[in-house]
Amino acid sequence: MLFHSTLRKELARTFGATLVVLVTIVMTMTLIRTLSQATRGSVNPQEVLMVMGYTVLGYLPPILTLSLFIAIVGTLSRMYRDSEMVIWFSAGRGLSSFLSPLLRFAWPVLLVVGLLALVVWPWANSQTQELKDRYGKRGDLERVAPGQFQESASGKRVFFLDKDSPDNKSGKNIFISTNERGKETVTSARSGRIVTIGDDQFLLLANGQRLESSSNAQLKVSEFEEYLNRISQNDVAAVGTLPAKTRSTFALVMDPTNLHLGELAWRLGLALAAFNFIVIAITVSSVNPRAGRSGHLVFALFAFVIYYNLLNMGQSWITSGRASFSAFMFGLHGTVAVVGLFWLAKQHNGWSMRDLIGRRRASAA
């Protein structure tokens, strides 16, 4: 019991330190990417921290799994290097006996990973999507920053103006370029303001001119004192299907399309992979004291990257119909679990390839 408590304390210290480092790295990378999206107009600059928080929250399952994986590999490797494993083995306990204390330590982490993958992941994605959609539906004049050219929501107009009021309802030195129905129109005015007629918003321009050119090289120039230009249309559009990653797990189960099954395989795979990595960590943590200290850790990180790439590949295969949900789940996670447990049994019993071949020949005879 004393040995188990000491092991859990060391695991907790290593897990906490690794988690802090990984979260800091992911937050930094997410902040840079979110700021890049804000500069492109995809995210409201005032909501950068909210978008970053939701994104990091969605990344927590693999972060927690990797932290647990590194903590187990690092702790057991240190025990090999310091010959503490000799004491453990001389007490009549094999390598598989580590499963019990490791699972006692890891079960809260596994539970949190499952809840994050099945519940928090779709909620965080839906909140992020809602923020982006709400910012994307703002009026065209609200999109324009003073002194900058900005494309409209439909992509058919380019605006430039100097805003005149803090409520974004008027502006000066307005420039509008429109390419629609084979005609290119350039409109400029000294001032303008937003007016609402019915369900549509219009930009009422004053003291300007309009240059219109068509595909047959005809050019038309006109001047105006007032000109009404529609800048947005609030007609109710057909609501498209929500992305699969924003749907709840229950909704995915109730509507088992290929797209939804692919997303469900990804979420369940995060929870199953967390358990498999505990077994893998025990098998890859053995260290030769004469060898380098980082070789096993590099191999462990490669195993983690390959496993999660297979999760992404499986999600793509299920979505495209190239693989079934059950075949992929049993094929990947079942195979990894069986191979990991077999390799653990091999190390626990000290089996060698010669022994395995000899037993196979004996059973065949």
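The structure holds four salt bridges, a salt bridge being a side-chain nitrogen of Lys or Arg within 4 Å of a carboxyl oxygen of Asp or Glu. This is a predicted model, in which local features need pLDDT of at least 70 and side-chain atom pairs count only at pLDDT 80 or more, while totals for chains, interfaces and linings use all residues. Residues are numbered from 1 along each chain as its sequence is written, and side-chain values use heavy atoms, with hydrogens and water left out.

**First stop: Glu10 and Arg78**

Select Glu10 and Arg78, which form a salt bridge with the closest N and O atoms 2.7 Å apart. This pair links distant parts of the chain, since Glu10 belongs to helix H1 (residues 2–39) and Arg78 to helix H2 (residues 48–81), 68 residues apart. Helices (H or I, at least four residues) and strands (E, at least two) are DSSP runs, numbered from the N terminus. Glu10 and Arg78 are both buried. Here buried means under 20% relative accessible area, exposed over 50%, and partly exposed in between, computed with a 1.4 Å probe on protein chains only.

**Second stop: strands S4, S5 and S6**

Select Glu212 and Lys183 next; the closest N and O atoms of this salt bridge are 3.5 Å apart. The pair connects distant parts of the chain, with Glu212 in strand S5 (residues 200–213) and Lys183 in strand S4 (residues 183–197), 29 residues apart. Glu212 is buried, at a relative accessible area of 18%, whereas Lys183 is partly exposed, at 40%. Add Arg210 to the selection: Lys183, Arg210 and Glu212 are linked in a network of salt bridges.

Remain in strand S5 and move to Asn207. The phi angle of Asn207 is near 60°, a positive value in a residue other than glycine. Asn207 is partly exposed, with a relative accessible area of 46%.

Then select Arg230, which lies in strand S6 (residues 219–233). Arg230 counts as partly exposed, with 35% relative accessibility. Display Leu203 as well: Arg230 and Leu203 are 27 residues apart in sequence, and their C-alpha atoms are 6.0 Å apart in space.

**Third stop: helix H7**

Select residues 258–284, which make up helix H7, and look for the kink of about 30° centred on Gly269. The bend at a residue is the angle between axes fitted to the seven residues ending there and the seven starting there. How many of the 27 residues of H7 are buried? The count is 21, and the helix is thus described as mostly covered.

Within this helix, display the side chains of Glu263 and Arg267, which meet in a salt bridge (3.0 Å, N to O). Glu263 and Arg267 are four residues apart in H7, about one turn of the helix. Both Glu263 and Arg267 are buried.

From Arg267, proceed to Thr249 in helix H6 (residues 249–254). Leaving aside neighbours within four places in sequence, Thr249 is in contact with Leu118, Leu264 and Arg267, where contact means heavy atoms within 4.5 Å. Thr249 is buried, with a relative accessible area of 15%.

**Fourth stop: the aromatic rings**

A pair of aromatic rings is described by the distance of the centres and the angle of the planes. Rings of Phe, Tyr and Trp (its six-membered ring) pair if their centres lie within 6.5 Å; planes under 30 degrees apart count as stacked, over 60 as edge-to-face and the rest as tilted. A search of the whole structure finds eleven aromatic pairs. Select Trp266 and Tyr308, an edge-to-face pair with 6.4 Å centre to centre and 75° between the planes. The two residues join distant parts of the chain, Trp266 lying in helix H7 and Tyr308 in helix H8 (residues 295–320), 42 residues apart. Trp266 and Tyr308 are both buried.

Select Phe277 and Tyr307 next, a tilted aromatic pair with 5.0 Å centre to centre and 45° between the planes. This pair also links distant parts of the chain, with Phe277 in helix H7 and Tyr307 in helix H8, 30 residues apart. Phe277 counts as buried at 1% relative accessibility, and Tyr307 is buried with a relative accessible area of 3%.

Which residues do ring pairs link into a cluster? To finish, select Phe69, Trp121, Trp266, Phe277, Phe304, Tyr307 and Tyr308, which are linked in this way.
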